[in-house]
Amino acid sequence: MSATLNKGWLILVGLVGLVVFSSAFTVHQTQQALVFQFGKIARAPIYEPGLYWRIPFVQNVVAFDISCSN
């Protein structure tokens, strides 16, 4: 019984980790990002670098490079 309970907790922790990992995305200093939900823009464009969150499997993130080449 204890081994089954341990496997259940391990699976649960793994699933939670997968959801958290697929929810986070970063925007780098030379990027801007758009978040789409079912093909439509879900939020305002992201201009600031940092860590952001999205709804996994529902929202997609498209990042654009804005670095200048002189």
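**Close-up views of a predicted model**

**View 1. Overall dimensions of the protein.** A compact globule of 70 residues would have a radius of gyration near 11 Å, whereas the protein, shown here as a predicted model, has 17 Å. The C-alpha trace spans about 65 × 30 × 15 Å along its principal axes. Of the 70 residues, 16% count as buried, and the accessible surface of the protein comes to about 5600 Å², with 67% of that area belonging to carbon and sulfur atoms. Among the contacts with a separation of 6 or more, 56% are accounted for by residues 24 or more positions apart.

**View 2. Order of the secondary structure elements.** The protein has one helix and five strands, and from the N terminus on these elements run α-β-β-β-β-β. The helix, α1, covers residues 2-23, while the strands named in the views below include β2 at residues 31-37, β4 at residues 50-53 and β5 at residues 59-65.

**View 3. The open sheet and its strand order.** Three strands form an open sheet in the order β3-β2-β5, and their pairing is antiparallel. The edge strands are β3 (40-41) and β5 (59-65), each of which pairs on one side only. Between β2 (residues 31-37) and β3 the antiparallel pairing extends over two bridges, and in one part of this view Gln37 can be followed to its bridge partner in β3, Lys40.

**View 4. The nonpolar surface patch.** Leu5, Trp9, Leu12, Val16, Val20, Leu51 and Trp53 together make a nonpolar surface patch of about 730 Å². Both α1 (2-23) and β4 (50-53) supply at least two residues each to the nonpolar patch, and the largest share, five residues, comes from α1. One of the patch residues, Leu12, lies in helix α1; Leu12 counts as partly exposed because its relative accessibility is 42%, a value between the 20% limit for buried and the 50% limit for exposed residues.

**View 5. Val19 and Pro56, distant in sequence.** Val19 has its place in helix α1, and with a relative accessibility of 38% this residue counts as partly exposed. Although Val19 and Pro56 are 37 residues apart in sequence, their C-alpha atoms are 6.8 Å apart in space.

**View 6. Phe38 in the loop between β2 and β3.** Phe38 is found in the loop between β2 and β3, where this residue has a positive phi of about 55° although it is not a glycine. Most residues other than glycine have a negative phi. The relative accessibility of Phe38 is 67%, and Phe38 therefore counts as exposed, the cut-off for that class being over 50%. The loop that holds Phe38 joins the view to that of the sheet, since β2 and β3, the strands on either side of the loop, pair in the antiparallel sense.

**View 7. Phe57 in the loop between β4 and β5.** A positive phi is also assigned to Phe57, at about 70°, although Phe57 is not a glycine. Phe57 is found in the loop between β4 and β5, and because its relative accessibility is 69%, Phe57 counts as exposed. Of the two strands that flank this loop, β4 supplies at least two residues of the nonpolar patch, and β5 is an edge strand of the open sheet.

Terms used: Residues numbered from 1 in each chain as written. Predicted model: local features only at pLDDT ≥ 70, side-chain atom pairs only at ≥ 80, totals over all residues. Heavy atoms only, no water. Helix = DSSP H or I, 4+ residues; strand = E, 2+ residues; numbered from the N terminus. Rg over C-alpha atoms; globule rule 2.2 N^0.38 Å. Buried < 20%, exposed > 50% of the residue type's maximum accessible area, 1.4 Å probe, protein only. Contact = heavy atoms within 4.5 Å. Areas by Shrake-Rupley, 256 points an atom, 1.4 Å probe, with all protein chains shown as cover. Patch = residues over 30% accessible without salt bridge, like charges linked within 9 Å, V, L, I, M, F, W, Y side chains within 5 Å. Salt bridge = Lys/Arg side-chain N within 4 Å of Asp/Glu carboxyl O. Pairing = 2+ DSSP bridges.
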